[in-house]
Amino acid sequence: MKHTKAVTAVLLLLFLTAQLLGLFIVSEYVTFQEITVDNVTYQEEVWKALPYDLERPQFEQETSYLPILAILLVSTFLVLLIIKFGLRWLWKLWFFASVWFCLMIALGAFLELSWLPLVVGFLFAVLKVLRIHTLIHNLTELFIYGGLAAVFTPVLSVWSISLLLLAISLYDFIAVRKTKHMVSMAEFQAKMQLFAGLLLPYGKKGEKTAILGGGDIAFPLLFASVLLMTYTLWAALLVVFCSTLALTFLLVTSEKKKYYPAMPILSLGCFAGYGLALLLVL
């Protein structure tokens, strides 16, 4: 086991909480209205506008995995440039803006007054960047991915999110095992303590750190969110259950001081959950 039992349990609990909270945030941004055509009534999903009239990407559902992959690759390239030239201030600025944006969207599902998501999101983004603290860091991480899912779920279908998971899994394997640039990015972010993902220092002086990348939380949540919209809550919950089991397997079987691509295992968990949903509830 790579980390202690207690740290592993906390990491799993945080992952599970982020998935369930994310599904709730997504559900708060959609309503269903009954449509009758030729005496046949069915429900149609209607997505609520994002706070402050922010626009969702205008992607076609069946091909949306292509521009999302492009965004990911361009973002990775820019982060590698930041690392190469030691532009820490630029990473802080980018990190702050991303956190603020995602928190605004996520908190918009809970806070009714229009100015509250903006102000509360800003305050927590400032605390996350300037007052580095494990509790604040991980608390905000629980909400961030629900905000992302509320933005991207409407432009994804089961087909496109499945292709996206397969592509991301291949990319993750190459980036960790072959080129190892994902390892460099993780170490750079962890050293700055501005890590896009869960971060748990432990040991007598906090000399050890357990991390789980943001993508490893976001992509399973996107898959579960698409199933929530396409099918039922139970289908989404089965995906959450199976992806959590997959992460448990990875953490229990992994070795100390080694990096592992998590997305291939998490994607298997997502597809296993989808398969169970097709057999049991759909």
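**Loops, a helix and a hairpin**

Let's start with Arg131, which sits in the loop between α4 (115–130) and α5 (134–152). Keep in mind that this is a predicted model. Is Arg131 buried or exposed? Its relative accessibility is 61%, so Arg131 counts as exposed; the cut-off for that is over 50%. Arg131 still has contacts. Leaving aside residues up to four places away in sequence, Arg131 touches Val126 and Ile136.

Next, backbone angles. Most residues other than glycine have a negative phi. Two loop residues here are worth a look.

Take Tyr52. Tyr52 is not a glycine, yet its phi is positive, about 60°. Where is Tyr52? In the loop between β2 (40–47) and α2. Tyr52 counts as partly exposed because its relative accessibility is 35%. That class runs between the buried cut-off, under 20%, and the exposed one, over 50%.

Now Lys257. Again, not a glycine, and again a positive phi of about 60°. Lys257 belongs to the loop between α9 (233–253) and α10 (263–280). Its relative accessibility is 85%, so Lys257 counts as exposed.

On to helix α7. The helix covers residues 181–192, which makes 12 residues. From first C-alpha to last, α7 reaches 17 Å. The expected value, at 1.5 Å a residue, is 16 Å, and the helix comes close to that.

Which residues of α7 are buried? His181, Val183, Met185, Ala186, Phe188, Gln189 and Met192. What do these buried residues pack against? Three helices and a strand: α2 (65–84), α3 (88–107), α6 (158–178) and β4 (208–213). Right after α7 comes Gln193. Gln193 has a positive phi, near 60°.

β4 brings us to the last item, the hairpin. Strand β3, residues 197–202, pairs with β4. How do they run, parallel or antiparallel? Antiparallel, over 6 bridges. For one pair to find on screen, look at Gly197, which stands opposite Gly213 in β4. Between the two strands of the hairpin there are 5 residues. Gly203 in this hairpin has a positive phi too, near 100°.

To recap, quickly. Arg131 and Lys257 count as exposed. Tyr52 counts as partly exposed. The buried residues of α7 pack against β4, among other elements, and β4 pairs with β3.

Technical notes: Residues are numbered from 1 along each chain as its sequence is written. This is a predicted model: local features need pLDDT of at least 70, side-chain atom pairs count only at pLDDT 80 or more; totals for chains, interfaces and linings use all residues. Side-chain values use heavy atoms; hydrogens and water are left out. Helices (H or I, at least four residues) and strands (E, at least two) are DSSP runs, numbered from the N terminus. The expected span of a helix is 1.5 Å times one less than its number of residues. Buried means under 20% relative accessible area, exposed over 50%, partly exposed in between (1.4 Å probe, protein chains only). Contact means heavy atoms within 4.5 Å. Two strands pair if DSSP finds at least two bridges between them.
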